[in-house]
Amino acid sequence: MRYFQPSKRLGFLLLGLLLGGFVLNFFIQAASLNMNFISVLDWIGKSCWLYLGGSLLFFFVLLALSAVLPNIYIGPAVGFVLVLLLGLANYKKQGTTGEPLFPWDLMLVKNAGEMSKITKGMISPLAVGLAVPAVAAGVWLLLKLPKIRIRLPLRLLLTAVSAGMVAGFIIMVSRQTAFASSLNYQNIFWNQKVNYSQNGFVFAFTGNLRQKLLEKPEGYSREAVEAVAAKYSALPDNSSAQSAAEQPNILFMMDEAFFDPTRLPGLQLSEDPLKFIRREEGATPAGFLLSPEFGGNTANVEFEALTGMSMYFLGDGSIPYQQRLVKMSSLPSIVSILKAKGYLTLAVHPFDETFYNRNRVYPVLGFDRFTSEKDLQDAERITPDGYISDKAAVQEAVRELKAAAVPVFVHLVTMQNHFPFTKGLNGPNTIAVQGVQAAWKDELETYVQNTKLTDEALSYLQQELKTLERPTIAVFWGDHLPALSAGIYTEAGWDENPRLKHETKLMILANFDIGNEPLGTISPAYLGPTVFKLSGQTLPPFYKMLEQVQAQLPGLSKNVLIGASGEPASLTSGQQELLADYRMVEYDLLEGEGYAEGLMY
């Protein structure tokens, strides 16, 4: 028993780790509440048991880290640093996108090198300067702390107890046990902002570890899916163009963080950055895309556009690429539909191929080949530190279109306009912006310059389309609004107008006649049937269903619903029935048995 004999120093260590658990929980909750300590105290007063439970979790994590390493102080020190980084990541994400940090966000850790470039400018030099002496002081303290010797049997016991408590906590919370409910915990998965604010970061984050993309619809069965498939299979094909003599090339160009900056009220620009778009949008189908995201989560907009499935049905904060598609072998999409028609299917993204697991997800969707940054070593960057330019990305897409002897589907995701909006990153700013606070002037002028470069790239694309012999149609849209300083949108009065914060530019170009009927505002899930109709392609039953939903709800988003009139709408009973069919099929394909794959495609 002498191996388990306690000592005064060990007692002080345990007390210090317990106190550390409470401090860490207080900090990470403060990070969730915009570093408002009064709000944290108010939350603790209302949710003391949740605060206690989360603090004990941190205590046992620190205890385990202390027991497994020879030096009992190094493990907790590393734990402290990791939790501090987690809290800061949560704080920054909320400030940029308005969403808290989710477990699946941590999958981006593998892209730490690229993330450092993307987030450059988000961490102030002052913070870095303060961190250096803080780390030095921490190292000095570790060297000065009294040595405590813990024999191996006691280390094993402490490790086992700690691991058991941590595992028990995760099971208790993620499975919403009766004990978790007795602590006033409720997994509010349908509204993650409320989930985090009510339950606190620790419980909400843990509860999301087992979160499904969407809940099973009532009445789900093979017969139910067959009934939905039969309903839409029987509908006529209302393509608005005659079938082309040969199958057309199709280009999707999803442009990073692109929207029309002239929509921000109160700004005076010395030059219109979107001269080409402004000139052509009346001569070709154009309008707005209602993005399901703001400031980030590009992959979710891409998911909608490629699969035709809507983020409207999925849990708040979901990222299907990271939560579900990486575990699948196939998923129907516009890629697989066109591939079955004999198309060569190509993806181009001038950045790291592993971001959002694209290198693993694209084969699931049916792409034949993926060209990423590593394959574009000679592509133009306007400055050495900048991203590959939109024009260079378009040039690569056009090269693929010209090289193929068969019809091609190219899905291009650009990077030029990604945060940070550092002055000079894409060359000198040539457009002056007035009517903006001095603190935001460089940032906004840089973004406006970026949009001008994109507009020029789009003009180049139109000229190149005219040189292609095969009929070709190109769909251009912005994935979401940029992560500009929040004050810019607040000053514009957009915080109370979700539609404006989610509408990006949408335009369709072609080297054959596709008319000029305005598109209005539509969700990305409808891009597949829209381009099929314009190019005379037959619609599979799934697209016929989307066509029906689009006619009733052209803008389908959790942020705002847009009805057939083009104005915000409330759901009618008929629309709810349509959405029930849509939800049934989406659940079947993502979480269910996949009956619809053989019935609706």
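Two strands pair if DSSP finds at least two bridges between them. The exercises below use this definition on a predicted model.

**Exercise 1. Find the order of the strands in the open sheet, and name its edge strands.**

Solution.
1. Eight strands make up the open sheet, and their order is β5-β4-β6-β1-β8-β9-β3-β10.
2. The pairing in this sheet is mixed. In general, strands of a sheet pair through backbone hydrogen bonds, either parallel or antiparallel.
3. An edge strand pairs on one side only, and here this holds for β5 (369-372) and β10 (520-522).
4. On average, neighbouring strands are turned by 20 degrees against each other, direction ignored.

**Exercise 2. Describe how β6 is joined to β1 and to β4.**

Solution.
1. Start with strand β1 (residues 249-255): five bridges join it to strand β6 (residues 408-413), and the two run parallel.
2. Two positions show the register: Ile 250 stands opposite Phe 409 in β6, and Leu 251 stands opposite Val 410.
3. Now take strand β4 (residues 344-349), which pairs with β6 in the parallel sense over five bridges.
4. Here Leu 346 has Val 410 of β6 as its bridge partner. Val 410 therefore faces Leu 251 of β1 as well as Leu 346 of β4, given that two strands pair through bridges.

**Exercise 3. Is β6 buried or exposed?**

Solution.
1. A residue is buried when its relative accessible area is under 20%.
2. On one side of β6, Val 408, Val 410 and Leu 412 are buried.
3. On the other side, Phe 409, His 411 and Val 413 are buried, so both faces are covered.
4. Six of the six residues of β6 are buried, so the strand is largely enclosed by the rest of the structure.

**Exercise 4. Which strands does helix α19 lie across?**

Solution.
1. Helix α19 covers residues 527-534.
2. The helix lies across β1, β3 (286-290), β8 (472-478), β9 (503-510) and β10.
3. Its direction is at about 150 degrees to β8.

**Exercise 5. Describe the crossing of helices α20 and α21.**

Solution.
1. The axes of α20 (residues 541-552) and α21 (residues 573-590) come within 10 Å and cross at roughly 145 degrees.
2. The crossing is left-handed.
3. Residues making the contact include Phe 542, Met 545 and Leu 546 of α20, and Leu 578, Leu 579 and Tyr 582 of α21.
4. By class, the contact has eight nonpolar, three polar and one charged residues.

Notes:
Residues are numbered from 1 along each chain as its sequence is written. This is a predicted model: local features need pLDDT of at least 70, side-chain atom pairs count only at pLDDT 80 or more; totals for chains, interfaces and linings use all residues. Side-chain values use heavy atoms; hydrogens and water are left out. Axes are lines fitted to C-alpha atoms, for helices over the stretch in contact, and angles run from 0 to 180 degrees between N-to-C directions. Helices (H or I, at least four residues) and strands (E, at least two) are DSSP runs, numbered from the N terminus. A crossing is left-handed if the near helix is turned anticlockwise from the far one by less than a right angle, and right-handed if clockwise. Contact means heavy atoms within 4.5 Å. Ala, Val, Leu, Ile, Met, Phe, Trp, Tyr, Cys and Pro count as nonpolar, Asp, Glu, Lys and Arg as charged, and the others, Gly among them, as polar. Buried means under 20% relative accessible area, exposed over 50%, partly exposed in between (1.4 Å probe, protein chains only).
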